[in-house]
Amino acid sequence: MQEQIKVAVDAMGGDHAPAQPVKGAVEAVARRKDVHVFLVGQKGVIEEELKQCAYAGDQITVVDAPEVIETAEPPVMAIRRKKQSSIVVGMNLVKQQEADAFVSAGSSGAVLVGGQVIVGRMKGVERPPLAPLIPTEKGVSLLIDCGANVDARPSHLVQFAQMGSIYMKHVMGVEQPRVAIVNIGAEEEKGNALVKETFPMLKNCPDIHFVGSIEARDIPKGEADVIVCEAFVGNVILKLYEGLASTLMRVIKQGMMTSLKSKIGGLMVKPALKQTLKAFDATEYGGAPLLGLKGLVVKTHGNAMAKEVTNSILQCATFHEQEINERIKNKLEISSKEE
């Protein structure tokens, strides 16, 4: 009998909950028969949404969690006080190994705190980073860290590079991932104190393929597969990336409607343009995994629609199949022995 990959989904998290998380879960189990989804949240509400969907009943289980952590709530206090919230209940499923992964579009702070407090850090991991895939001219790159550690140390960034390399090799199939550190120039002597101290450590790290510094303008070109930075810089890059992409799409569409000639031209290029824009749609690649935990936690956008939830669930399945946690654990154990 085929092993079931069990993914807990926060059905109450995000701007479009519970409708979009539920639809995303239904689509995920339709695409993979070996995936079982636990929809965690207010049972009656979730069951009402499920009534509108056609799905395999033995692939979806509703887990009751009557409380909801709101975005504006202080994360630490919310995790401590709301033990019956969808985030806490879902993460406990991972902690107790009843689920292989947890996906949420809910409060970023609560997901980050819950990941470390409930699921727990893997032995040897100093700081778990958030690592989303971002589209580039050559495919995708992993941006690590994009929101978990705004005051990182050089040793943290070295671990980010190691974990990111494992992820890109075994999940994305990049045989020798190129690792670069975000900088304000290509020269080794440039950068702030953190970058200057980290650069030689990455350069001398034997288990990564370090290619030096990368400037922000070269990230969309796909000049590196793993983009290393602390979370403040990473979050600015991610938000600018997303904002510019949506603005360009909107401007292109407006430009095609300015005259009869442009409308005709637009119809002719529409199929090719649609395919190109799809490649630059971040939702195609799922959410951002919080790497280095004892179990997998994936954070999706707060405004995630069903497609992003589906892709995040499928992303979790690949993560589990490729035994990413075991690979990270083994790599860090080897590194600590070498030191």
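A polar contact is a pair of N or O atoms within 3.5 Å, of which, within protein, one must be able to donate a hydrogen and the other to accept it. In the structure described here, which is a predicted model, the backbone oxygen of glutamine 59 lies 3.5 Å from a polar atom in the side chain of histidine 36. Histidine 36 belongs to strand β2, and because buried means under 20% relative accessible area, its relative accessibility of 11% places histidine 36 among the buried residues. When neighbours within four places in sequence are left aside, histidine 36 is in contact with Gln4, Ile5, Lys6 and Val7, and also with Asp58, Gln59, Ile60 and Thr61.

Strand β2 is part of an open sheet of 6 strands, whose order is β3-β2-β1-β4-β11-β10 and whose pairing is mixed. Strands of a sheet pair through backbone hydrogen bonds, either parallel or antiparallel. The edge positions are taken by β3 (60-64) and β10 (288-289), each of which pairs on one side only. Within the sheet, strand β1 (residues 5-10) pairs with strand β4 (residues 101-104) in the parallel sense over 3 bridges, and valine 7 stands opposite alanine 101 in β4. Helix α10 packs on this sheet, where it touches β1, β2 (35-41), β4, β10 and β11 (296-299), and its direction makes about 145° with that of β1.

Strand β4 is also joined to β11, with which it runs parallel, by 4 bridges, and here valine 103 stands opposite valine 298 in β11. The pairing of β10 with β11, by contrast, is antiparallel and extends over 2 bridges, with lysine 299 in β11 as the bridge partner of alanine 288. These two strands, β10 and β11, form a hairpin with 6 residues between them, and glycine 292 in the turn has a positive phi of about 95°. In a regular strand the side chains alternate between the two faces of the sheet. Both faces of β11 are covered, since Leu296 and Val298 on one side and Val297 and Lys299 on the other are all buried.

At one edge of the sheet, valine 62 is found in strand β3. Not counting residues up to four places away in sequence, valine 62 touches Leu39, Lys43, Ile46, Glu47 and Leu50. Valine 62 and alanine 231, which are 169 residues apart in sequence, are separated by 34 Å in space, C-alpha to C-alpha.

Attention now turns to the nonpolar interior. In soluble globular proteins, nonpolar side chains tend to be buried together. The largest nonpolar core of the model has 62 residues, and those with the most contacts inside it are Val37, Leu39 and Ile313. Helix α6 gives the most to this core, with 8 residues. Leaving aside neighbours within four places in sequence, isoleucine 313 is in contact with Val7, Val9, Gly24, Ala25, Ala28, Val35 and Val37. Apart from the largest core lies another, of 40 residues, among them Phe102, Ile134, Ile227 and Tyr241.

A search of the whole structure finds 2 aromatic pairs. In one of them, tyrosine 167 and phenylalanine 319 form a tilted pair, with 6.2 Å from centre to centre and 50° between the planes. This pair links distant parts of the chain, for tyrosine 167 lies in helix α6 (residues 154-170) and phenylalanine 319 in helix α10 (residues 306-321), 152 residues apart. Tyrosine 167 is buried, with a relative accessible area of 1%, and phenylalanine 319, at 5% relative accessibility, likewise counts as buried. The other pair consists of phenylalanine 199 and phenylalanine 210, whose ring centres are 5.1 Å apart and whose planes stand at 75°, so that the pair is edge-to-face. Because phenylalanine 199 lies in helix α7 (residues 193-203) and phenylalanine 210 in strand β8 (residues 209-214), the pair ties together parts that are 11 residues apart in sequence. Both phenylalanine 199 and phenylalanine 210 are buried.

Strand β8, which holds phenylalanine 210, pairs with β7 in the parallel sense over 5 bridges. In this pairing, isoleucine 214 in β8 is the bridge partner of valine 182. Strand β7 (residues 178-182) is itself mostly covered, with 4 of its 5 residues buried.

Definitions and conventions. Residues are numbered from 1 along each chain as its sequence is written. This is a predicted model: local features need pLDDT of at least 70, side-chain atom pairs count only at pLDDT 80 or more; totals for chains, interfaces and linings use all residues. Side-chain values use heavy atoms; hydrogens and water are left out. Rings of Phe, Tyr and Trp (its six-membered ring) pair if their centres lie within 6.5 Å; planes under 30 degrees apart count as stacked, over 60 as edge-to-face and the rest as tilted. Buried means under 20% relative accessible area, exposed over 50%, partly exposed in between (1.4 Å probe, protein chains only). Two strands pair if DSSP finds at least two bridges between them. Contact means heavy atoms within 4.5 Å. Axes are lines fitted to C-alpha atoms, for helices over the stretch in contact, and angles run from 0 to 180 degrees between N-to-C directions. A nonpolar core is a set of buried Ala, Val, Leu, Ile, Met, Phe, Trp, Tyr and Cys residues joined through side-chain atoms within 4.5 Å.
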